[in-house]
Amino acid sequence: MYSNSVVDKLKWSLPWLVRYPLWRASELIYRLSNSSKQTHIIFLVANHYEPGLGETALKRVEKWCELAQATGDSVRDHDGTPFRHTNFFPAEQYEAPLLDRLASLQAAGYGEVEIHLHHGIDKPDTPENTRMVLENFRDTLAIEHKCLSRESPSAKPSYAFVHGNWALANSAGGRYCGVDSEMQILAETGCYADFTLPSAPDQSQVPKINAIYECGAPLSERVPHRSGANLKVGRPSNGPVIFTGPLVFNWNRRIRGFPVPRIDDGALAANQPLKFERFERWRKANIGVVGRPEWVFIKLYSHGFFDWDQDCMIGDQMVRFMNGLLELADRTGDWKIHFASCREAYNMVLAAVDGKTGDPHQFRDYRLRQIMSDAITQQTESVDSLVVA
């Protein structure tokens, strides 16, 4: 029986809580010793996008696409790139009309589609079934909808991943997964990075926080991402990369006059309004590639099917917040803001590892390109060859 008591949450959180002071101290030392004149802030949003099924789901997706396009038109970064989410669509909710609409949104430049999976709900899943579901959904997205990405037109599709109910690699005590070797399966089926974490105060939260890193244990083991080396300039990555969002404390809350901290995990939700103080907490989490301190990645997350959170996720509140940050950046010159998909952020990370410097915008397609873009290029080349002939 799953327990959700305060005692259990505290017990599950202890591994990362006891490491938090050390992480904060090391982060401060690193930041002071690697000061740079201007910081590039790369925002990415991992949207756990679960619209449901049928006509109701299609209406939700249509509304979402309208909001996404309106917000993207209203908010563009310093490169002219529209604000957008990466929509992690659950394999178990696949319906072609829903993905057709999201693929159209992607083609217009307002968000990309990646893979989300809920499994092991009623009983533990098996490695064989997990592999089959991932491969089938990967190929459906790539072939039928031209979503996902790859290194070359002849390469197999690659994908980013978010685990449903946070239970990556059977990290939730056997609930909502059941497959110890899940990370190995992800690697073998083309997953280049996981964007599930953080998940505190859930049992699935690992001790490693506020980092872009590799699994420290063999991928065939349960929870191999509980530790691992941070990605570093000059040290190639074997993947899949674990790409976490901020997990920090907000000390602004007061109860009877006393400060009572709450977790700020980058959630885009109505009960955590978007304010400059949140941006400062996210920025000071200092998530990036070791040796490239001027590129700071802020991975936020949302649940797009929660209508009451949409103003914060992709509505007017987000428009005001991001435009405010852009205006402040223009006035102070302290940062340059970039909006990236999860794929683009991963490409920037690989560029940093390879020693690239300067503006991360130039590395959005550094390694992985959208299948959709390659398909358009191939069609154009085919038409040109016919005209020449």
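This is a short tour of a predicted model, going from a covered strand to its neighbours and then to the pockets and a cavity.

**Stop 1: strand 1**

Start by selecting residues 39–48, which make up strand 1. Colour them by accessibility and you will find that 10 of the 10 residues are buried. In a regular strand the side chains alternate between the two faces of the sheet. Here both faces are covered. On one side sit Thr39, Ile41, Phe43, Val45 and Asn47, and on the other His40, Ile42, Leu44, Ala46 and His48, and all of these are buried.

**Stop 2: the partners of strand 1**

Which strands pair with strand 1? Strand 14, residues 335–339, pairs with it in the parallel sense over 5 bridges. To see this pairing, show histidine 40 together with lysine 336 of strand 14, which stands opposite.

Next, add residues 295–302, which form strand 13. Strand 13 is also parallel to strand 1, and the two are joined over 8 bridges. A good pair to label is valine 45 and leucine 300, its bridge partner in strand 13.

Then bring in strand 2, residues 85–90, which pairs with strand 1 in the parallel sense over 3 bridges. Here alanine 46 stands opposite threonine 86.

**Stop 3: alanine 46**

Stay in strand 1 and centre the view on alanine 46. Is this residue buried or exposed? Its relative accessible area is 0%, so alanine 46 counts as buried. Now display the residues it touches beyond its sequence neighbours up to four places away: Thr86, Phe88, Phe195, Lys299, Leu300, Tyr301, Ser302 and Cys342. For one of these, lysine 299, try a C-alpha to C-alpha distance to alanine 46: the value is 7.0 Å, although 253 residues separate the two in sequence.

**Stop 4: asparagine 87**

Move over to strand 2 and pick asparagine 87. With a relative accessible area of 1%, asparagine 87 is buried. Show its side chain and that of asparagine 47: a polar contact of 3.4 Å joins them. Asparagine 47 belongs to strand 1, whose residues you coloured at the start. Leaving aside neighbours within four places in sequence, asparagine 87 is in contact with Asn47, Tyr49, Trp64, Leu102, Leu105, Glu112, Val113 and Glu114.

**Stop 5: the cavity**

Two of those contacts, Tyr49 and Trp64, also appear in the lining of the largest cavity. Select them along with Pro51, Arg60, Gly304, Phe305, Asp307 and Gln310 to complete the lining. The enclosed space is about 30 Å³. By class, the lining has 4 nonpolar, 2 polar and 2 charged residues.

**Stop 6: the largest pocket**

Now turn to the largest pocket, with a volume of about 490 Å³. Of its 25 lining residues, Trp23, Ile209, Asn210, Ala211 and Asn230 are the closest to the centre, so to speak the ones to select for a view of the middle. Helix 2 (20–33) and strand 13 are the elements that each give two or more residues to the lining. The largest share, 5 residues, comes from helix 2. If you colour the lining by class, it divides into 14 nonpolar, 6 polar and 5 charged residues.

**Stop 7: the second largest pocket**

The second largest pocket has a volume of about 320 Å³. To outline it, select Val6, Lys9, Leu10, Ser13, Trp16, Leu17, Pro201, Phe249, Arg253, Pro261, Arg262 and Ile263. Two elements give two or more residues to this lining, namely helix 1 (6–17) and strand 12 (262–264). Which of the elements gives the largest share? Helix 1 does, with 6 residues. The lining divides into 8 nonpolar, 1 polar and 3 charged residues.

**Stop 8: aspartate 264**

Finish in strand 12, at aspartate 264. Its relative accessibility is 1%, under the 20% cut-off, so aspartate 264 counts as buried. Show its side chain with two others. A polar contact of 2.9 Å joins aspartate 264 to the side chain of arginine 278, and another of 3.2 Å joins it to the side chain of tryptophan 282. Beyond neighbours up to four places away in sequence, aspartate 264 also touches residues including Pro246, Leu247, Val248, Gln272 and Arg281.

Conventions:
Residues numbered from 1 in each chain as written. Predicted model: local features only at pLDDT ≥ 70, side-chain atom pairs only at ≥ 80, totals over all residues. Heavy atoms only, no water. Buried < 20%, exposed > 50% of the residue type's maximum accessible area, 1.4 Å probe, protein only. Helix = DSSP H or I, 4+ residues; strand = E, 2+ residues; numbered from the N terminus. Pairing = 2+ DSSP bridges. Contact = heavy atoms within 4.5 Å. 1 Å grid on protein atoms, 1.4 Å probe; cavity = no way out; pocket = protein on both sides within 12 Å on 5 of 7 lines; lining within 4 Å. Points joined across faces, edges and corners; volume = space filled by probe spheres on them. Nonpolar A, V, L, I, M, F, W, Y, C, P; charged D, E, K, R; others polar. Polar contact = N/O pair within 3.5 Å; in protein donor to acceptor, adjacent residues only side chain to side chain.
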